[in-house]
Amino acid sequence: MVFRKPPDGGWGWVIVLVSFFTQFLCYGSPLAVGVLYLEWLDAFGEGKGKTAWVGSLANGIGLLASPVCSICVSSFGARPVAIFSGFMVAGGLMMSSFAPNIYFLYVSYGIVVGLGCGLLYTATVTITCQYFDKRRGLALGLISTGSSVGLFIYAALQRELIELYGLDGCLLIVGALSLNILACGSLMRPLESSDSPPSEKTCVDKVPDQYFVYHEKGKTVEENISILEKGYIDEKCVNNMPDCKQDSILNKNVLSSINVNEKDTYKKKVVEQTNFCKQLAKRKWQLYLTYWKETVVLFKNKVFSALFVAILLFDIGGFPPSLLMEDVARSANINEDDYYMPLISIIGIMTTVGKLILGILADFKWVNTLYLYVTTLLMTGMALFAIPFAKSYLTLAMLSGILGFLTGNWSIFPYVTTKTVGIEKLTHAYGILMFFAGLGNSLGPPIVGWFYDWTQEYDTAFYFSGFCVLLGGFLLLLAALPCWNACTTQGSKLPPNTYSYKVASS
């Protein structure tokens, strides 16, 4: 398959549009699951920690399975994966409407919907990167806002649907809306070259394939000899076309004179192929060892190790508000008449604003992206500490806006990773970090829910969340300080291909 140069426009803008709506449709319900969380608490009567697993799995399983999602998109292409994942998301949402207990929701909503969202995210990012090169940052920024806009709209939409049709009707309607992903996926046309067809292979290019055909099962020695004979004739035809027929007759005479050595030749070829398989297996094993050696080298970088701890703690402590904020307001006995807008909707719209503003700031040369990221972590920790003191809708709405804006630091996280490990190790390092981010997403809400089940109030839970985020921020700040890097690199050299973060100069 031959690919054209990324057009940076044209049909690429259609790809951006359908990728935006794909993320809007698939992530709208899982990110706004806090509205459904309240209904599941009342419907099944389970503890808050056990019920919170549903939303945390839906948001974390896609990140945990990111290596599998990447393999699927690489093997089958973005369009087939998007269409298949659309069925997964829609089917999981519709199945959830018939859930008899919370354990059924773990599978239907948590795993099926979550895995479908992970596949769709990988497909949209991959197809967008294929169509854009110079404008890739803009294109990725536009499609990433689809999930935040989905959170903003779906929070209010699901609440209205629950009031009109009940929880089961809401899930059925939202699942039906998700079927529009199929239309979006069908427009994800792969970037193939259709203008200039690939040049036809000459006889010389076909000769190696013909020589390897004799390894197929069921071939006799005579059949293999005839195949070798045909490959030899084709090769001679390319080199000297006028003498082709004469060489063919001569070749037949030569082959007939060496029929005694047919079996020995065949056995020799089998031995050669066996040695080739052994060398291939050895090479695969060496690649596997190289992967783990590179992973060990990454963790020898103190800033990367601190970044790994920070992203894990940030998702354990910073993700629960987007899931539990509505229940926090209900626990504070806030009158529903005071609700001007769902708190989750505020988080969603401010996350969009945060992604855009923080992404713009990261492009300035005088801004150190690592210190900017650390600042968002520390401010998130302080905002989490303030939640127990919020007893009115206005204060909770302000804190929701602040937390949503700071959650937009996802837009600068790739910048930080690149500055820490270098562009050539970005894919390897980012995959590791996303796995632990998914682990934090999966563990955060259940831990906060368990704290409530033990203490019957959210204060201790959010103190714990704030402590986790602050701890991660301080560890990352300590590892990034120039004085710390100077002290640790005087006595010993850094391993090759690792990077110590340096403060950007103006």
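The following paragraphs lead through a predicted model, from its salt bridges to its aromatic rings, one helix face, a surface patch and a loop residue.

Residues are numbered from 1 along each chain as its sequence is written, and side-chain values use heavy atoms, with hydrogens and water left out. As the model is predicted, local features need pLDDT of at least 70 and side-chain atom pairs count only at pLDDT 80 or more, whereas totals for chains, interfaces and linings use all residues.

Side chains of opposite charge can pair when their charged atoms come close. The structure holds five salt bridges, a salt bridge being a side-chain nitrogen of Lys or Arg within 4 Å of a carboxyl oxygen of Asp or Glu. A network of these bridges links Asp 42, Lys 48, Asp 327 and Arg 330. Within the network, Asp 327 and Lys 48 meet at 2.8 Å, N to O. This pair links distant parts of the chain, since Asp 327 belongs to helix 14 and Lys 48 to helix 3 (residues 48–64), 279 residues apart. Helices here are DSSP runs (H or I, at least four residues), numbered from the N terminus. Asp 327 is buried, with a relative accessible area of 2%, and Lys 48 is also buried, at 11%; buried means under 20% relative accessible area, exposed over 50%, and partly exposed in between (1.4 Å probe, protein chains only).

Asp 327 also forms a salt bridge with Arg 330, at 3.5 Å from N to O. These two residues are separated by about one helical turn, because they stand three residues apart in helix 14. Arg 330 in turn forms a salt bridge with Asp 42, the closest N and O atoms being 3.4 Å apart. Here too the pair links distant parts of the chain: Arg 330 is in helix 14 (residues 320–331) and Asp 42 in helix 2 (residues 33–44), 288 residues apart. Arg 330 has 37% relative accessibility and therefore counts as partly exposed, while Asp 42, at 53%, is exposed.

Lys 48 has a further contact, with an aromatic ring. Its charged end sits over the ring of Tyr 452, 4.5 Å from the ring centre. For such a contact, NZ of Lys or CZ of Arg must be within 6 Å of the ring centre and within 35 degrees of the ring normal. The charged end of Arg 189 sits over the ring of Trp 11 in the corresponding way, 4.2 Å from its centre.

The rings also pair with one another. A pair of aromatic rings is described by the distance of the centres and the angle of the planes. A search of the whole structure finds 16 aromatic pairs. Rings of Phe, Tyr and Trp (its six-membered ring) pair if their centres lie within 6.5 Å; planes under 30 degrees apart count as stacked, over 60 as edge-to-face and the rest as tilted. Phe 451 and Trp 454 form an edge-to-face pair, with 5.8 Å between the centres and 70° between the planes. They are three residues apart in helix 19 (residues 426–455) and so are separated by about one helical turn. Phe 451 counts as buried at 18% relative accessibility, but Trp 454 is exposed at 65%. Elsewhere, ring pairs link Phe 20, Phe 21, Phe 24 and Tyr 154 into a cluster.

Helix 4 (residues 66–76) has Ser 66, Cys 69 and Val 73 as its buried residues. They lie on the same side of helix 4, because they cover an arc of only 60° around the axis; the arc is that of the directions from the helix axis to the C-beta atoms. The face turned away from this buried side carries the exposed residues Ile 71, Ser 74, Ser 75 and Phe 76.

Another aromatic residue, Phe 308, is found in helix 13 (residues 302–318) and counts as buried at 18% relative accessibility. The C-alpha atoms of Phe 308 and Phe 435 are separated by 9.9 Å, although the two residues are 127 residues apart along the chain.

On the surface, Leu 164, Tyr 165, Ile 173 and Leu 177 make a nonpolar patch of about 390 Å². Patches are made of residues with over 30% relative accessible area and no salt bridge, like charges being joined within 9 Å and nonpolar side chains (Val, Leu, Ile, Met, Phe, Trp, Tyr) within 5 Å. Accessible areas come from the Shrake-Rupley method with a 1.4 Å probe, and for residues only the protein chains shown count as cover. Tyr 165 is found in helix 7 (residues 136–178) and, at 52% relative accessibility, counts as exposed.

Finally, most residues other than glycine have a negative phi. Gln 456 has a positive phi of about 60° although it is not a glycine. Gln 456 lies in the loop between helix 19 and helix 20 (459–480) and counts as exposed at 53% relative accessibility.
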